Every structure is written in structure tokens, then in C-alpha cells.
Amino acid sequence: MASISIKDCTGSTNSSSATVTLDKGATYTIVPDKNALYDIMISADQEAINNYGLTFDPATQSFTIGRDIDTSTTGTFTLNVTTVDVLGNVKYFTYTVELSDKVVDDTEYTTVKHAVETDDNVFGIDLSIMKQGMNAEELNTWKTRVDFGATGYAIYGSLNDAKNESSAISAYGSGKVLPVAYVTEKIDKNATSNVSTKDKANYISVRVDDSQAGILKLFTTYYLRVNFKSGSSATTPLNSIIVPVEFTAPTVAEQYKAKSGLEKDGVVYGFMSGQQSFTGITGTRPAYAIESAFEKTAAGATYTVTDDLIDGMNNVKSSAKFVQEVIGTSGAYVGFKDAVPGKDQVQDAYAKAFTLKAYSDDYGKWKYPTDSKYTDYKFKMTLMSPIYDGSFAEGTTLTVNGGQDFKFTNDQLKFSDYNNTPVKILQDAYTSGSGAWSDTRIAKVTPEDDNDMLDNEGKLAIIDADWDDKVIEGYITGKAGSVAVDGTENLHIIIKDNMGYERTFKIPVTIKANK
């Protein structure tokens, strides 16, 4: 219970008086002076009792103010207190009670969440919750007296601070993350004024300026205190509501989405298409632009290779085999620490799943809490060459006549990369005066065979593309050795890609006897 003291009467002498401001709906205890008290009596005239719903409890030396006399103005009444001490001395005290503007409501709000990634830039506070905490008389009083133009807004870091209006965060007002709020009929991001009809006061629309968000953190509960007043000169509010507010955004992990077809069994596939130089490593290495595997990423995220173990290797850390670095303006690349071993060989971590971490401490101007569940995205990736892991069409065979020249073209050598995308392995373009590959992943193609049966007279060779009013595609040429009966020889096509991987593919060639 609240209390007022006899000491409010000047000197606590007989017939002293005081003026106090009290709240309706509240119970107050009279606290006597230090003299030994025998009895205390609290009273008011009958008109005041009737008008203000006064009740008295002699056992607790208290009284309760039930209501105000008028919804439009605050009332005043006289309260009489008589004390008798153990010596029989009687004192009379008179209080002039002025009622405050305070409106009684039992309002408790649950957390209002605002997703900052939306374009609404506004969140709403439902005033029906507050109104449900008032009885009909209190609500009528509130509607009659409230001046929305005098409403005060402040945001706090704890409920206790909000209750005590202590240590407000500088987050509300012009130029702040919460620049303005209005009482509105519906949640309205374009509102420029309060409603003029109080029966339409359904929401408070609080505008959000993301560009000023640095002072508040995401996924953190703040407390918005709203003080409704009867006017700009009012020193105390009619009532206040305290609304927990939390600003949310996609976590770093939630912002990532692998491109269709690039994630399998929880591993993101990085199909490399070139080499990069990395700090501290001599020469270039096969590498992959990390973000090219995703259709959505966290803006400004940084990447690191973690110490998590590589799948399929014996207790080997990801960071021992892979390196990550931002390459100029091209973005973040990840590559092998080891060089390509040689022809028909790959690094021991090739096509093995290793772990990367994307990190960001913010979402735009909004800061995340310092918790990895918000700031980190760990994912597994594997690096492969789509050319090295390509193949010729199943069942591909070639036929030549013994002792005769032959020619193999792209139409006969049907090669596809790892994803079964057709690739012309012989030059099919002509630029700057020389033949070239339209698929720049191809760096070099060399023909060989098993037993020189396709290299008769040393004629097995690659002929580059040429130009004669149009591109003349390159081809493989050679001369088959003479055979007495049909025989078979393997044509070796050695494809080197622009990552440095070199692989030998063997295609059976039937050499027909000239019978």
C-alpha cells in the first residue's frame, strides 16, 4: 500500500494542514508521528465519500479512493484525521486531497517483434490491450482527458529502468532509430499525425529508421515506455504502458541458400574454373569463388577455413589443406594449399568435404548479439574440376582404316563435364589470329596412343582451329598402321584444364584391315 504521513501537516501540530496529490484506485495508509498512538480516525464528509467512492479501514489505518468525480477534470476533497495518544491528547489534521490525472489500468504487454528486413519500417502497439485493462469508467476518463500530442516515448534496456524511467537509451526522436510515433487507427508507416477522434485510437505506429540502428542490437529485448498525458504542461501521466520490443532479422546462416543443384547431402559443391594466388603460397592454386555457389549470401560476410576435420581423411583439419583469401575486388576465394601433383593426379583433399565459416556481426546497420548462433554460418564444401571429372559418352568407339590417314572431330569425340554439359575439347573458336577454345576451362589437349598404331609415320597430332570466312574447328589427325586383321588400339586424349589438372582419357579405336 502507498502511504502519506502526518508529517505532511506542518510541524504535526494540532490543527495543522497539508495538500497532497493522490491517485484514484489506490489505497493509502496514514502514518502517525512518533508519539505513542492510542487511536486514529480517518473521515470525510458524506458528499466526498459518495463522489469519490471513499472507503476506510480502521484496522490498517488506511483509506481507498474509488473514483474521480468527473471524467473531464480532476477533483478535490478534504480528508480529516484525528489522533489520540496514550496520554489522552487529541490532535486534528486536515488534508486537502487533489486527485492526479492518473488512470488505473492493469496492462501487461507481451513482446512486440519487428522484422527489420521488411520494407514496412514501422511496428504497431495494439492499444486494445491497454483498454482491456481499464474498467468502463477509467476508459471513459482516459478518452476524455488524454492529449495524444503530449504523449511521451522513451526506450530502455531493462524493465526496471522503464518502470523507474531511469537510464533511457538515446533511440527515440528525430534522427534516431525510432524517429517518431503516432496514435493511429491502423498501423501506418506513412502516418504524419495522431488520430483526431479518440474512438479511433487503436494503435501506436512507431516508425523505424534502419540507417540509425547502431545503438540497438538485434534479438535483444528493449522496453518502450509510453506516457499518456492530459496536456503538454502535465507533470504526471494519465497512465503509462511498457511494451517489450525486439528487433529481429535473418541470422547469418538464414541468409545463405545454395544454388539449385550445388548442394548434395549437406555439402556445397564448388566446381572450380581457374587458379588464384594466395598470400604465403608460392605459385597459383586451383580455387573457387565461394559466393558463386549461393544464390543468397550475407552481405559483407567474411570467410575462414575452420579447424573442423576433413571428411574421409585421417584426422586432418580443414585449415591444413585449404586456404581462403579475398582476391582484389573479385571477392573471397578458397583454394588448395597443395599444388596439383602431376598428370593423372589430384591433391589428397580433392573432392573431400571440408568446412568453411561465414561471419558477420551485423545485418545492415543492425548489430547482432555476440553469439555464434546469430553471427556464424558453418558449411561443408568440396572442390572439384568439372573437366578433370568429366567423361566421354559411354560406349564411344572410333573406327579407322589400316594404313590410311584419319581425322577425328568434336562431333565424334562427345565429351561432357562433371555435370554432363557437352564440352568441345578441340578448338572451336578463333581469336587474335589463332585458334582457341570457347570453353575457357580447356587449356591444352594432347593425343597419344598405346603402341603407335595411330601414330604411323609420327602423324598423330592436334590441328588448331583456323579461319576461312568462318571458324574451322580443330581436329585430331593421324595415320593408322597397317594390320593383317582388324585390330584395336587406344587413343589417349590428354586434357589439361585451366586449373592445372591433367587427365588421360582412353577411347578404343578399331583399325580395319584392308582386305
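The following legends describe an overall view and several close-up views of a predicted model.

**Figure 1. Overall view of the 515-residue chain.** The chain contains 6 helices and 42 strands. Its C-alpha trace spans about 145 × 50 × 35 Å along the principal axes. The radius of gyration is 42 Å, whereas a compact globule of 515 residues would have a value near 24 Å. Of the residues in the chain, 45% count as buried. The exposed area amounts to about 25200 Å², of which carbon and sulfur atoms supply 44%. Among contacts between residues at least 6 apart in sequence, 66% join residues at least 24 apart. The chain carries 49 positive and 68 negative charges, and the mean positions of these two sets are 2 Å apart.

**Figure 2. Strand S2 and its pairing with strand S8.** Strand S2 comprises residues 16-22. In a regular strand, side chains alternate between the two faces of the sheet. In S2, the covered face is formed by Ser16, Ala18, Val20 and Leu22. The uncovered face of S2 holds Ser17, Thr19 and Thr21. Strand S8, residues 90-99, runs parallel to S2 and is joined to it by 7 bridges. Within this pairing, Ser17 of the uncovered face stands opposite Thr94 in S8.

**Figure 3. Strands S9 and S15, with the surroundings of Thr248.** Strand S9 (residues 112-115) presents Val112 and His114 on its covered face, and Lys113 and Ala115 on its uncovered face. S9 pairs with S15 in the parallel sense over 4 bridges. Val112, from the covered face of S9, has Val245 as its bridge partner in S15. Thr248 also belongs to S15, which covers residues 239-248. Thr248 counts as buried because its relative accessibility is 15%, below the 20% limit. Beyond its neighbours within four places in sequence, Thr248 is in contact with Lys113, His114 and Ala115 of S9. Further contacts of Thr248 include Val116, Glu117, Leu218 and Phe219.

**Figure 4. Thr382 in strand S28.** Strand S28 extends over residues 376-384 and includes Thr382. With a relative accessibility of 2%, Thr382 counts as buried. Residues up to four places away in sequence are set aside in the contacts shown here. Thr382 touches Val267, Val268, Tyr269 and Gly270. It also touches Ala351, Lys352, Ala353 and Phe354. Thr382 and Gly25 lie 357 residues apart along the chain, and their C-alpha atoms are separated by 70 Å.

**Figure 5. Strand S22 and its antiparallel pairing with strand S25.** Strand S22 consists of residues 302-305. Tyr303 and Val305 make up its covered face, while Thr302 and Thr304 make up the uncovered one. S22 and S25 run antiparallel and are joined by 4 bridges. Thr304, on the uncovered face of S22, stands opposite Lys357 in S25.

**Figure 6. Asp344 in the loop between strands S24 and S25.** The loop that holds Asp344 follows S24 (332-336) and precedes S25 (354-359). Most residues other than glycine have a negative phi. Asp344, which is not a glycine, has a positive phi near 60 degrees. Its relative accessible area is 37%, so Asp344 is classed as partly exposed.

**Figure 7. Asp469 in the loop between strands S38 and S39.** Asp469 is found between S38 (466-467) and S39 (471-472). The phi of Asp469 is positive, at about 65 degrees, although this residue is not a glycine. Asp469 is exposed, with a relative accessible area of 70%; the class requires a value over 50%.

**Figure 8. Asp68 in the loop between strands S6 and S7.** The flanking strands of this loop are S6 (62-64) and S7 (76-85). Although located in a loop, Asp68 counts as buried, at 5% relative accessibility. Asp68 is 303 residues from Asp371 along the chain, and the C-alpha atoms of the two are separated by 51 Å.

Technical notes:
Residues numbered from 1 in each chain as written. Predicted model: local features only at pLDDT ≥ 70, side-chain atom pairs only at ≥ 80, totals over all residues. Heavy atoms only, no water. Helix = DSSP H or I, 4+ residues; strand = E, 2+ residues; numbered from the N terminus. Rg over C-alpha atoms; globule rule 2.2 N^0.38 Å. Buried < 20%, exposed > 50% of the residue type's maximum accessible area, 1.4 Å probe, protein only. Contact = heavy atoms within 4.5 Å. Areas by Shrake-Rupley, 256 points an atom, 1.4 Å probe, with all protein chains shown as cover. Lys, Arg positive; Asp, Glu negative; His and termini not counted. Charge placed at Lys NZ, Arg CZ, Asp CG, Glu CD. Pairing = 2+ DSSP bridges.
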